[in-house]
Amino acid sequence: MKRRDFLAVSALPLLGCKETRHIEGGFIGVSHERGHTLRPSAKGETRAWPAPSVTRRTRVLIAGGGVAGLAAARALRLRGMDDFAMLELEDSAGGNSRAGAVGGLPCPLGAHYLPVPGDSARDVQDLLEELSLRRRVAGRWEYDERHLCHSPQERLFIHGQWQEGLLPLQDMDVALLADYQRFARLVQQASAAAPFSIPLSGSAPAPHRALDGLTFAAWLDRQELTRAPLRWYLDYCCRDDYGAGLDTVSAWAGIHYFASRHGFQAPGEPPSADRDGGVLTWPEGNGWLTRQLAAPLGERLHTGRVVVRVAAGRHGVEVDAFNAATQSVERWQADHCILALPLFVAARVVESPPPALREAAGQLRYAPWLVANLHIDSALHDRPGAAPSWDNVIYGDGAGLGYVDATHQSLQAVPGATVLTYYRAFGIEAAGRKALYEQAWTHWRDSVLAELSVPHPDLPGKVTRMEVMRYGHAMSTPVPGIRSSAALQALQKPLPAPWQRLHFAHGDLSGYSVFEEAFTHGHSRAARLAVALTA
């Protein structure tokens, strides 16, 4: 019996079930109040911190334990430098790539996949080789199939049934097909005018700067690409990768989504032979990767630390960090400091910050995210159409981005209990962040259940627990002007005195947040520093 047939037969008695059982759960992760200790009061006053109770010394201090900070630590270790320490706000490292477990099943708490990296992402390729995910066989590079996303990979719920793939195909007429084909040609033309790559390389060429000057929606209007299915799909892609829709992100970002990886394939057209394919994923999502990166750090990783002050001097750097466990301030003295912090945080904690940091922090906009993990105790009834997939998206005006199945990589013969990881991005408006923090957990529970009950009416009766993770500043969003920012480019280079001992390394430097960008910034900055210190 096929998996889809089994689901349909086993769940028939529950068809149309509206029962909602008692669902346990709540918010998880560190409360946002810890990070908000850096915010000024309503009167504009900053918090007065107690005098440091202890002073520690290290050669290199890494502030921030997200992907960039972990990559920096790995780069130092690879070059034989062990005299370093890392300070992390949360109770574990990982940034937006964290992992958890619900009902004994591992699941992502943030980013959940890594596209197979192209040759421009050589540092990421080296990491995957180190982790035995990538190896050379008969002169060709191959990836461990256990970690490549299993088929079926993605599907879309539209007009009451599931279709394979996420590009809307229901009721497609000649005019809509022509729009799909024309957008595919425009992506190809943009790539030919100036190549797109991940990670970004250097300053933006002139064609990219032109695209960076307007929103993706405005650019689509100029191209007279206005039909709803195409606009919905492009808006979904932007919200999924950048946290905000096509009315917010730049035209450069909208095209970069396709041109930097897999292009845009119109229905009926063969995929481009020169594009990367496939994604790597794990039940824990990218938390699997950050756990591998954090494991060797041992006592050099100091969690629950809020960096409150960074002072750069001629002979070293002084960093004060509030220890949430002891409610005291620690002072760290280091020869150099790698600031793997979001730039808006760095601008608050660096004393007399460099002008480029102040300018870049003022330019960036951040999108909050909600990640909800739902434990269900039995397989769901499935609607007609495509089989249950790893990534499952709902067409329409819903606020969410769909869900992934944490047990999709499992080889179990019969589907059963699993965890569905649901994602929602709120755009860059302050109201979204305010609602994320102020609404009760039960509000988000009911909202998520209502949205996912459209394709799965029996879901409320099968959820046993829901855990909600909130990211108030989950990712920087590439609004118009960010790709062309001279300030972001300046922060990627060695700084003049008196900031020459500060080294910025964060995905924010690219203006948008993906694993490859953050990892490359952390690795390259620490590698250059290690070379200078060991010369």
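Me: Two strands count as paired if DSSP finds at least two bridges between them. The model here is predicted. Which residue in β19 stands opposite Y403?

Reply: Strand β18 covers residues 400–405, and strand β19 covers residues 418–425. They pair in the antiparallel sense over 4 bridges. Across from Y403, in β19, stands Y422.

Me: Which residue stands opposite Y403 in β18?

Reply: This concerns strand β17, residues 391–394. β17 runs antiparallel to β18, and 2 bridges join them. That meets the cut-off of at least two bridges for a pair. Facing Y403 is N392.

Me: How many residues lie between β17 and β18 in their hairpin?

Reply: β17 and β18 are joined by a turn that includes G396. G396 has a positive phi of about 130 degrees. The count of residues between the two strands is 5.

Me: How many residues of strand β18 are buried?

Reply: Buried means under 20% relative accessible area. β18 is largely enclosed by the rest of the structure, because the buried count takes in 6 of its 6 residues. The number is 6.

Me: How many residues lie between the strands in the hairpin of β4 and β5?

Reply: Strands β4 (residues 99–102) and β5 (residues 105–108) pair antiparallel over 4 bridges. A101 stands opposite P106 in β5. G103 takes a positive phi near 60 degrees in this hairpin. The residues between the strands number 2.

Me: How much space lies in the second largest cavity?

Reply: The structure holds 2 cavities of 30 Å³ or more. The lining of the second largest includes P108, W390, V404 and D405. Its volume is about 60 Å³.

Me: How many residues of the lining of the second largest cavity are charged?

Reply: The lining also includes H112, T281, W282 and Q409. Its residues divide into 6 nonpolar and 4 polar, with a remainder that is charged. Asp counts as charged, and D405 is in the lining. The charged count is 1.

Me: How wide an arc do the buried residues of α14 cover around the axis?

Reply: Helix α14 spans residues 441–452 and reaches 17 Å from its first C-alpha to its last, close to the 16 Å expected. Its buried residues are W441, W444, V448, L449, E451 and L452. They sit on the same side of α14, because the arc they cover is only 165 degrees.

Me: How many residues are there in a turn of an α-helix?

Reply: Residues three or four places apart point the same way, because of the number of residues a turn. That number is 3.6.

Me: Is A75 buried or exposed?

Reply: A75 is in helix α3, residues 67–78. The cut-off for burial is under 20% relative accessible area. A75 has a relative accessibility of 0%, so A75 is buried.

Me: How far apart in space are A75 and A526, C-alpha to C-alpha?

Reply: In sequence, A75 and A526 are 451 residues apart. A75 is one of the buried residues of α3, a list that also holds V67, R74 and L76. In space, the C-alpha to C-alpha distance is 5.9 Å.

Me: How many residues of α3 are buried?

Reply: The 12 residues of α3 should span 16 Å, and the end C-alpha atoms are 16 Å apart, which agrees. The helix is mostly covered. The buried number is 10.

Me: What is omega for the cis peptide bond that joins S151 and P152?

Reply: Most peptide bonds are trans. P152 is in the loop between β8 (140–143) and β9 (154–158). The bond from S151 to P152 is cis, with omega about -5 degrees.

Me: What is omega for the cis peptide bond from I198 to P199?

Reply: P199 lies in the loop between α5 (174–193) and α6 (206–211). The bond from I198 to P199 is cis, and its omega is near 0 degrees.

Me: Is A138 buried or exposed?

Reply: Phi of A138 is positive, near 50 degrees, in a residue other than glycine. A138 lies in the loop between β7 (134–137) and β8. The cut-off for exposed is over 50%. With a relative accessible area of 78%, A138 is exposed.

Me: What is phi of E224?

Reply: E224 is in the loop between α7 (216–222) and α8 (228–242). At 58% relative accessibility, E224 counts as exposed. Most residues other than glycine have a negative phi. For E224, phi is positive, near 60 degrees.

Conventions:
Residues numbered from 1 in each chain as written. Predicted model: local features only at pLDDT ≥ 70, side-chain atom pairs only at ≥ 80, totals over all residues. Heavy atoms only, no water. Expected span 1.5 Å × (residues − 1). Buried < 20%, exposed > 50% of the residue type's maximum accessible area, 1.4 Å probe, protein only. Arc of directions from axis to C-beta. 1 Å grid on protein atoms, 1.4 Å probe; cavity = no way out; pocket = protein on both sides within 12 Å on 5 of 7 lines; lining within 4 Å. Points joined across faces, edges and corners; volume = space filled by probe spheres on them.
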